[in-house]
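Work through the exercises below on salt bridges. Each task is followed by a stepwise solution.

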Amino acid sequence: MNRTSLCIKMLLLLKARGKMNTQQLADELETNPRNIREFKKELITAGYNIKEYKGRYGGYRLDETNLFPVLALSPAQKQALMEAREFMHAQGYEKESELNEAIDKVLNSTSSALPPQRIYMDAPNLSMTDKEKDMMETMQQALKQKHCVLLTYQSRNQDHADTFLMDPYEIIHYHDAYYVLGYSHKRNDYRIYRISQERMFACVFQERKFLRDSHFHIEQYVGKNSLIKGEFVRVFVRVDPEVQPQFRELYWGMDVKEKDNVFQFLVEDFFVVYRQLFSFADQVEIIAPDHVRQAYQAQLQLILRKYIV
């Protein structure tokens with residue numbers, strides 16, 4: 001029986017019998033007692049209020065006075081919730097942990113899937129073998145539906161391949177290769193894996209689902225001291241509405257977002273960005289950070305000097 005089925009069975013047991021202790025639940029579910037607390041966490045995240053009682057006569061009880069209904073949120077509404085979480089994180093909201101837990105409960109109780117995750121690309125013509133394409137499709141499906149994958153992978157410093165569970169968080173194109181950034185159940189930490197048949201020998205979709213960590217932010221994993229090395233900077237650009245369709249067609253960087261005519265993205269190679277901005281003339285404007293804006297101004301002034309008599 002998979003993890004999801006065990007959680008559902010635990011919920012039904014509590015609903016039918018009232019309070020049960022850890023050993024009783026473990027015996028009924030035929031699982032290790034240590035797993036019961038994890039099942040409780042997953043049920044709480046899904047919107048069920050599982051009360052825990054300490055002491056000799058303690059145990060777990062389902063609070064049926066506060067059950068979540070199944071919500072029918074539109075993709076735009078779910079996207080707004082996720083953007084609200086990012087906005088409050090940027091503002092340094094003091095109750096961020098509680099807010100994240102509340103949003104997780106809402107998103108995990110919806111009746112439809114979350115919006116698909118973005119694939120970041122910096123070269124549209126990268127060739128892939130049929131096997132790599134199959135692994136990419138499996139990874140995309142697992143990421144979109146929040147399912148684990150069983151990965152068989154050989155790291156550069158290993159002489160053999162390991163097989164382990166992984167929760168896929170982001171698919172990234174970086175320096176002429178595709179990577180998946182995810183949580184390794186073997187390492188109990190986030191790792192990055194190259195989607196290449198030379199390293200990734202198998203990627204198998206699993207029925208087991210995972211709960212995306214609400215504290216995960218991609219900026220933690222790109223940069224000179226992170227999993228993806230480089231000097232990354234988040235840039236904000238105001239774009240006139242009439243050229244936004246053309247603007248969206250171009251690659252600008254990783255983690256692209258837009259709101260109220262302002263686009264933001266993570267950039268490492270500014271040469272390409274400056275060249276593309278110049279092609280939009282006065283219909284785009286760098287508004288932050290200041291040092292990037294000033295560097296672009298300096299480039300424009302150098303060009304202008306060639307034409308001033």
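**Exercise 1.** State how Glu 38 and Lys 41 are placed in helix H3, and which contact their side chains make.

Step 1. Glu 38 and Lys 41 both belong to helix H3 (residues 34-45), three residues apart, so about one helical turn separates them. Helices are DSSP runs of H or I with at least four residues, strands are E runs of at least two, and both are numbered from the N terminus.
Step 2. Their side chains form a salt bridge with an N to O distance of 3.7 Å; the term means a side-chain nitrogen of Lys or Arg within 4 Å of a carboxyl oxygen of Asp or Glu.
Step 3. Glu 38 has a relative accessible area of 33% and is partly exposed, and Lys 41, at 46%, is partly exposed. The classes are buried (under 20% relative accessible area), exposed (over 50%) and partly exposed (in between), with a 1.4 Å probe and protein chains only.

The model is predicted: local features need pLDDT of at least 70, side-chain atom pairs count only at pLDDT 80 or more, and totals for chains, interfaces and linings use all residues. Residues are numbered from 1 along each chain as its sequence is written, and side-chain values use heavy atoms, without hydrogens and water.

**Exercise 2.** Is Lys 40 buried or exposed? Describe its salt bridge with Glu 52.

Step 1. The closest N and O atoms of Glu 52 and Lys 40 are 3.0 Å apart.
Step 2. This pair links distant parts of the chain, with Glu 52 in strand S1 (residues 50-53) and Lys 40 in helix H3, 12 residues apart.
Step 3. Lys 40 is buried at 13% relative accessible area, while Glu 52 is partly exposed at 25%.
Step 4. Arg 37, Lys 40, Glu 52 and Lys 54 are linked in a salt-bridge network.
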